[in-house]
Amino acid sequence: MSIHATPTLSLQGIGASPGVAVGHAFVLDRRRIRTPKLRIDEAAVAEELSRFRVATGLSDRQLGELKERLTGEAQDHAIILEAHRMMLHDPMFVEEVEKLITRDFINAEWAVRRVARRIRHMFDNIQDEYFRERRADVEFIADRIVRNLMGQEVDEEIVVPPDAVVVAHDLSPADAAMMVKSGRVAGFVTDLGGQTSHTAIIARAREIPAVVGAGRASEQVSPGDLLALDGTRGLLLINPTEEQLALFRETMRRHLASEQVALKTRELPAVTTDGWRVTLNGNIEFPEEIPSLLAHGAEGIGLYRTEFLFLDRHEPPTEEEHYRAYRMVLEAMGGRPVTIRTLDLGADKVPGRRHEREPNPAMGLRAIRYCLKHRELFRVQLRALLRASVHGNLKVMFPLISGISELREGRSELEFCRSELGRAGLPVGKRIAVGIMVETPSAALIADRLAQEADFFSIGTNDLIQYSMAIDRQNRDVAYLYKPLHLSVLRTLKSIVGAAKETGIPVAMCGEMAGDPLFTLVLIAIGLDELSMTAGQIPVVKQIVRRTSRSEAIELVEAAMRLSTAEEIDRFIRAEMERRFADVS
Ligand code: PEP
Ligand code: MG
C-alpha cells in the first residue's frame with residue numbers, strides 16, 4: 001500500500017549538524033511583524049524617546065527572565081542571550097535610534113528598523129562568514145523591541161510535539177534554546193543561516209541533526225509533513241518514499257550504533273595495539289560546546305578560538321569579559337589541559353571597526369601580527385589569560401608564528417602583563433606553557449629552532465596547506481588542490497614532528513586534518529602526540545587508533561610516500577582505510 005499522496009520533494013541546504021532524523025514537520029512561523037511607519041510632531045519626540053526606552057528596558061528584562069528559565073544544560077545558551085542583552089544597550093544602536101527620532105521626527109518602531117537595517121548592511125561587507133551571520137542577531141533584537149513597542153506578545157511558550165523536525169525561516173537563539181530544552185526536537189531545518197549560525201552551533205552542541213540555508217523550506221513544508229533530513233550531507237526530503245525512508249532509517253541505525261560504541265569507548269584511552277598513546281582533544285569556538293566534548297571523551301581542549309569572543313559587538317571585549325569566558329572554560333574542563341589560542345583576528349575579522357581593506361587579507365595583518373601591532377588589545381587578553389590561569393590547567397598558544405622574533409615578543413608581552421598583575425597584587429598561575437601554531441611554511445622550516453623556545457607545537461593544517469600549496473582556502477576554483485596527502489604536506493609534517501621530538505616538546509595537530517578518520521593512520525605513523533578535533537569526530541578516530549598497530553601504520557605511510565602524485569597517495573590510503581575499517585562509521 002502506498003502512503004504517499006504527495007510527491008517527494010528534495011531540498012539541498014548546508015549540513016550544519018551531523019546525523020539523520022525522520023519526523024513530522026513542526027513549522028514555526030515567527031515572521032516579522034509589519035512595522036508602523038509614522039511621522040511625529042516635534043512635541044511628541046519626548047514621548048517617543050520614552051516609549052523606546054521603556055521597550056528596551058522591557059526587552060532586557062524579558063531576556064533576563066528567559067536566561068533564568070534556562071536550567072541545566074541549556075544554561076550554556078544563556079551566553080547568547082546575554083550577548084543580545086548587551087546589543088540592546090550598545091551605545092551605537094541606542095544613540096542612532098534616538099537621533100532618528102529627534103532629528104527625523106519618526107516613530108520609535110520605524111527608527112529601530114532603520115538602525116537595524118544600517119547595522120545589517122555593515123555586516124554584509126564582512127567577508128568572514130561567522131561575523132556575517134550575526135546580521136540575524138540584529139534582526140532578533142530589533143524584532144523584540146518593535147513587538148514590545150506595539151504591546152505584542154513575545155516569548156510565548158512553543159510547545160513542540162515529540163520527535164518533531166522544527167522548520168523555520170530562521171530561529172532566534174532564544175527559540176532554539178527553549179525548544180532544545182524541551183528534549184522533543186529530532187532535527188532543525190532553517191531557510192537561512194550557515195555553518196556558524198546560532199542554530200547550527202546549538203544543534204551541534206546538542207547533537208541534533210540540522211540543515212540550514214535550505215532556501216524556501218519553510219514555505220515548501222506543510223505542518224505535519226513527513227521529513228527526512230541528513231545533517232551530514234545537508235539534504236532534506238519532504239514526504240520521502242518508502243525506499244528513501246528505509247535508507248534514512250538504516251543510516252540513522254548505524255549512526256546510533258556508532259554513538260553507542262562512542263559512549264562505550266569514551267573512557268578508554270586512544271592507544272594502538274602496540275602501545276602508542278595519542279591524546280584526543282577537542283576544538284571549540286564557544287564554551288557551550290564543552291558538554292558535548294566531554295560526552296565524546298575529549299581529554300582536553302586543543303584549540304579554543306578566542307576571536308569568537310568578538311561576535312555581536314562593535315567594541316572589543318573587556319578584560320573582565322575575556323577573563324570570565326576563560327575561567328568558565330577552565331573550570332568546566334575540571335583540571336584537564338585547555339589550550340587557549342590568542343586572538344586570530346585579521347583585516348576582515350574585526351567587526352565594527354573601519355579598516356583599510358587589505359588587498360590580500362590571508363597574507364596580511366592577521367593573528368599574532370595583528371596583536372603585536374595592537375598591543376593594548378593583546379595585553380587585555382593576556383592579562384585575562386594570566387588571571388584565569390589559576391582556575392585550571394591553561395596553555396597559551398600564539399597563532400600564525402612565522403619566526404622566532406614573534407614568539408619572543410609574544411612571550412615578553414606575557415611576562416610584561418604578569419609583572420603588571422603582580423604589581424597590582426592579582427594572583428596568576430606560576431608557570432604557563434606557551435606554544436605556537438605551526439601553520440606557515442617558514443615556521444615549519446625553522447621548527448628545530450622554534451622548538452628550542454616554544455613549550456609545544458600545534459600544527460594548523462588548514463593554514464599550513466593553504467600557504468604551502470599557495471591556494472586561498474576560500475577560493476572554490478583552487479579547492480581541488482587542497483590535498484592533505486600531497487607529498488609536500490606529508491614531508492612537512494614529518495619534519496615538524498621530527499624537530500619537536502628531537503627537542504623533546506609535545507606536538508599536536510588541531511587543523512581539520514586531525515579529525516578526518518581517513519588520515520588517522522597517517523598521523524599516527526608520523527608521530528603526532530595529540531590530535532584535536534570537533535566533538536563528534538573523536539569516537540571514530542579513537543576506534544581507528546585502538547585497532548591499529550603503529551608499526552603497520554609506519555609501513556603504510558612509507559609505501560604511500562614512495563608514490564608521486566597526491567591523487568595516487570590519496571587513492572592508496574583511501575583503499576587501505578576502506579579495507580581495514582569498512583565497519584567503522
Ligand atoms: C588551522 O589553520 O589549521 C587552524 C586550526 O586555525 P584556523 O582554522 O582557525 O585558522
Ligand atoms: Mg590557522
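Are Glu-439 and Asp-463 buried or exposed? In this predicted model, Glu-439 is buried, and Asp-463 is buried too. Both residues take part in the binding of two ligands, described below in turn.

**Magnesium ion**

The magnesium ion, ligand 2, has Glu-439 (OE) and Asp-463 (OD) as its protein donors, at distances of 2.1 to 2.2 Å. This pair connects distant parts of the chain, with the two positions 24 residues apart in numbering. Glu-439 sits in the loop that runs from strand S13 (433-438) to helix H16 (441-445), whereas Asp-463 belongs to helix H18.

**Ligand 1**

Oxygen atoms of ligand 1 also pair with polar atoms of the protein, as listed here.

| Residue | Protein atom | Distance to an oxygen atom of ligand 1 |
|---|---|---|
| Glu-439 | side-chain N or O | 3.0 Å |
| Thr-461 | backbone N or O | 3.1 Å |
| Asp-463 | polar backbone atom | 3.0 Å |

On its own, ligand 1 exposes 290 Å², and the protein buries 96% of that area. Two elements give two or more residues to the surrounding shell: strand S10 (301-305) and helix H18 (461-469). Helix H18 gives the most, with 3 residues.

How many residues of each class does the shell around ligand 1 have? There are 7 charged, 4 polar and 3 nonpolar residues. Of the 14 residues around ligand 1, those that come nearest are Arg-305, Arg-341, Gly-460, Asn-462 and Arg-473.

Glu-439 thus appears in both parts of this report: its side chain pairs with an oxygen atom of ligand 1, and Glu-439 is a donor of the magnesium ion.

Definitions and conventions: Residues are numbered from 1 along each chain as its sequence is written. Chains are lettered from A and ligands numbered from 1 in the order in which they are written. This is a predicted model: local features need pLDDT of at least 70, side-chain atom pairs count only at pLDDT 80 or more; totals for chains, interfaces and linings use all residues. Side-chain values use heavy atoms; hydrogens and water are left out. A residue is near a molecule or strand if one of its heavy atoms lies within 4 Å of it. A polar contact is a pair of N or O atoms within 3.5 Å; within protein, one must be able to donate a hydrogen and the other to accept it, and residues adjacent in sequence count only if both atoms are side-chain atoms. Accessible areas come from the Shrake-Rupley method with a 1.4 Å probe; for residues, only the protein chains shown count as cover. Helices (H or I, at least four residues) and strands (E, at least two) are DSSP runs, numbered from the N terminus. Ala, Val, Leu, Ile, Met, Phe, Trp, Tyr, Cys and Pro count as nonpolar, Asp, Glu, Lys and Arg as charged, and the others, Gly among them, as polar. Donors are N, O and S atoms within 2.8 Å of the metal (3.2 Å for Na, K and Ca); water is not among the atoms, so sites may look incomplete. Buried means under 20% relative accessible area, exposed over 50%, partly exposed in between (1.4 Å probe, protein chains only).
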